[in-house]
Amino acid sequence: MPHVTTETADAVATLTLDHERRRNALGRALVEEAVAALAAFREAKARAVILRARPGAKVFSAGHDVDELAEGRRDPLGWDDPLRRLVREIEAFPGPVIAMVEGSVWGGATETVLACDLVVAAEGATFAVTPAKLGVPYNVGGMLTFLNAAPLRLVKEMVFTAEPVDAARAERHGMINHVVPAAELEGFTRRLARAIAGNAPLSVAVMKEQLRILAGAHPMSPQGFERVQGLRRVVYDSADYREGIRAFKEKRPPVFKGE
């Protein structure tokens, strides 16, 4: 069965995550279908894309498919990780991508949503960044996505506690654009997408690319980059990392020892 469904109308494309059995986890198969859909939207000259889950979803996405993460001695979130590919494709798509969020958003799915150009959420939506629950070291690109979307102190609270932030608080801090009642979510988001699609597509595409480049313009020395990568290796080489992944798969609380 397909993991995503698509539709296009009036230059607005919709990409629906549709793998409820796995709570729309961002595994390799789902991501490959999503990337292929974005390529098809580009070929069809879609001027805006809506990324969503099924209507009424309790979980927008569970984030990384933990079953696909290495259990140790290898970077679990490297350049070719499915999530990294999806984020790059969203950022590189020439038209704005709007996340239409209903339900809870977990881990890497929060980064995926924040990588979108605009975020519209239902009142009951929540967002959590959960690597600390698993002992997983998040990558530099993902951290930059969070920092570009939210104030530093909010990012720290989210990554340190791994607790969900509700939509109202996320909107208050500028992390998302709009919070609307669930019954109005689709209509509001589609009106926003149609407004974008009615503008000059080349102008919009160029401004999106300008903003992407400027948002990523954070200079880092080679020594600083090596330091960050070295810190991540400390985590994914640790016993805590292996314990976190195994505990998740065994459906038990992890016992972290800081080693």
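This is a short tour of a buried strand, its two neighbours and the largest pocket of a predicted model.

Local features here need pLDDT of at least 70 and side-chain atom pairs count only at pLDDT 80 or more, while totals for chains, interfaces and linings use all residues. Residues are numbered from 1 along each chain as its sequence is written, and side-chain values use heavy atoms, with hydrogens and water left out.

Select residues 97-101, which form strand 5 (strands are DSSP runs of E, at least two residues, and helices runs of H or I, at least four, numbered from the N terminus). Because 5 of its 5 residues are buried, strand 5 is largely enclosed by the rest of the structure (buried means under 20% relative accessible area with a 1.4 Å probe, protein chains only). Val 97, Ala 99 and Val 101 point one way, and Ile 98 and Met 100 the other.

Add strand 3 (residues 48-53), which runs parallel to strand 5 and is joined to it by 4 bridges (two strands pair if DSSP finds at least two bridges between them); here Val 49 has Val 97 as its bridge partner. Strand 7 also runs parallel to strand 5 through 4 bridges, with Ala 99 partnered by Val 119.

Turn next to the largest pocket, with about 1,200 Å³ of space (a pocket is an open set of points on a 1 Å grid over the protein atoms alone, where a 1.4 Å probe fits, with protein on both sides within 12 Å along at least five of seven lines; lining residues have an atom within 4 Å of a point; the volume is the space filled by probe spheres set on the points). Of its 42 lining residues, Glu 91, Ala 115, Thr 145, Asn 148 and Arg 212 lie nearest the centre. Helix 9 (201-215) gives the most to this lining, with 8 residues.

Definitions and conventions:
Buried < 20%, exposed > 50% of the residue type's maximum accessible area, 1.4 Å probe, protein only.
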